[in-house]
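User: I should like to learn how to read disulfides and strand pairing in a protein model. Could you take me through the cysteines and then a sheet?

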Amino acid sequence: MMMKCTVLCLVALALFGSLCEAQWDKLAAPKYQKPAVRQEPVKQQPTVPQQSKQTFERPLTWEYPEDPKPEPEVEVPFELRYPVSAATVAVECRESTAHVEAKKDFFGIGQLINPRDITLGNCGPVAEDNAAQVLIFETELHSCLSTLTMTEDSIVYSFTLFYDPKPVGDSLVVRTSKASIIVECHYPRKHNVSSLPLDPLWIPFSAVKVSEEFLYFTLRLMTDDWQYERPSYQYFLGDTINIEAVVKQFFHVPLRVCVSSCVATIAPDMNSRPNYAFIENNGCLVDARITGSNSRFMARTAENKLQFQLEAFRFQGTDSGLLYITCHLKASSTAYPIGSDYRACSYINGWKEASGQDAACGSCESGGFGETGGATGVGSAATPGQWGQSTERKIRDVSQNENNVLEWEGDVTLGPLTIGEVVIA
């Protein structure tokens, strides 16, 4: 036991002595140390960085965006429509008066005119049809500032329809322009119009011969509804030309008119070139058969009247766009049946006759399509009419065919028509 205590004491003394020595060394150390000598830094040569390609676990999919592009222009289906002359004026020439009607939609644009802005010469309208929106003028032939002229065959009374729009209210705007339209009444000089209502007990032989020999063939342009004569000779490609052939009968027995042949030219001479015969072979309208057009005869509404349609065209290689139409017309008594000499045949999935007598068109297919037209009738080619006027021919010559049927025939020229090109913007 004594030995164990002795060992413990020795160990404790050793530990205490070590602690004291450490504290003494700490106290004996100087408070400030002498600074060490500064050494100049050693300059190192710059090292070239080593580049290495960066790799990714997945390939990059990002790309630079494309430059913005302008939006594409949308193609709009648009066709520039050209204004055409409106057929809004009609005249009925009576024995001693002129009856004129003018639509209140004077220009055909849906704008109604003020009745106080329009006069016939110096005469205002005498009545108004509110249901039809029509202004009515009625005047004696020698009144309302009319003028009288005489030609070789006719007495012509001319009137002028004046339209002068006034601003509405206090505004200074007008939606229509000034216009003047010449209205004419033609009367044959060979007949006394003032004696037509009289019924004499006897008729002189000379008067009978005159009434039998004088006929008037008329070829004129018509509006789309066939109600009025078309005031303008201007057409565009794609338009339909409405043509009406009439024989004025006067004192004759009922007559039937037929268009034997028609030829189109760019000059008044029917024999000039280029030319195109679109009706031939005694009344066969071959234009639809040759070109596949919709040209055709209309159904007859009267025996002395025949209407047909022709699609507008121009001759290739010509720039003028002018067109003259010369037709050879025939007239005979309605007692003579429709046949191969007197017919009006159209090609509509086969040959059809305007009066329903389709059997009369049997020989149309045997004709030489596309040959130069132009019949040589008894009458000579008529002088072309003025703009907006129809051409009229008086036919005196009478012939008798092999069937002993009296017939009258002659050539009538219509034109010049102007066929313009359609511009699409």
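User: Which hand does the disulfide of Cys-345 and Cys-361 have, and why?

Analyst: The hand is read from the torsion about the S-S bond. In this predicted model, that torsion is about -90° for Cys-345 and Cys-361, so the disulfide is left-handed. The two sulfur atoms are 2.0 Å apart, and a pair of cysteine sulfur atoms counts as a disulfide within 2.5 Å.

User: Where in the chain do Cys-345 and Cys-361 lie?

Analyst: Cys-345 belongs to strand β18 (residues 345–347), while Cys-361 sits in the loop between β19 (351–353) and β20 (391–395). The partners are 16 residues apart, and the pair links distant parts of the chain.

User: Are these two cysteines buried or exposed?

Analyst: Relative accessible area decides this, and buried means under 20%. Cys-345 has a relative accessible area of 0% and is therefore buried. Cys-361, at 2%, counts as buried because of that value.

User: Which hand does the disulfide of Cys-262 and Cys-327 have?

Analyst: The torsion about the S-S bond of Cys-262 and Cys-327 is about 110°, so this disulfide is right-handed. Its sulfur atoms stand 1.8 Å apart. The pair connects strand β12 (residues 255–265), which holds Cys-262, with strand β17 (residues 322–333), which holds Cys-327; the two cysteines are 65 residues apart. Cys-262 is buried, with a relative accessible area of 0%, and Cys-327 is buried at 0% relative accessibility.

User: How should I read the disulfide of Cys-123 and Cys-144?

Analyst: The same steps apply. The S to S distance is 2.0 Å, and the torsion about the S-S bond is about -105°, so the disulfide is left-handed. Cys-123 lies in the loop between β3 (118–120) and β4, whereas Cys-144 lies in the loop between β5 (134–140) and β6 (147–150). These cysteines are 21 residues apart. As for accessibility, Cys-123 counts as partly exposed because its value is 24%; Cys-144, at 8%, counts as buried.

User: How many disulfides are there, and what pattern do they follow?

Analyst: A connectivity pattern numbers the bonded cysteines along the chain and then states the partners. The count here comes to five disulfides, and their pattern is 1-4, 2-3, 5-7, 6-10, 8-9.

User: Which cysteine sulfur is nearest to that of Cys-258, and how is Cys-258 placed?

Analyst: The nearest cysteine sulfur is that of Cys-345, 9.5 Å away, and Cys-258 is in no disulfide. At a relative accessible area of 2%, Cys-258 is buried.

User: Let us turn to the sheet. In what order do its four strands run?

Analyst: The order of a sheet is read by following each strand to its paired neighbour. Here four strands form an open sheet in the order β1-β2-β5-β4, and the pairing is antiparallel. The edge strands are β1 (89–93) and β4 (127–129), each of which pairs on one side only. From one strand to the next, the twist averages 20°.

User: How many bridges join β1 and β2, and which residue of β2 stands opposite Val-89?

Analyst: β1 and β2 (residues 97–103) pair in the antiparallel sense over five bridges. Val-89 stands opposite Ala-102 in β2.

Conventions. Residues are numbered from 1 along each chain as its sequence is written. This is a predicted model: local features need pLDDT of at least 70, side-chain atom pairs count only at pLDDT 80 or more; totals for chains, interfaces and linings use all residues. Side-chain values use heavy atoms; hydrogens and water are left out. Two strands pair if DSSP finds at least two bridges between them. Axes are lines fitted to C-alpha atoms, for helices over the stretch in contact, and angles run from 0 to 180 degrees between N-to-C directions. Buried means under 20% relative accessible area, exposed over 50%, partly exposed in between (1.4 Å probe, protein chains only).
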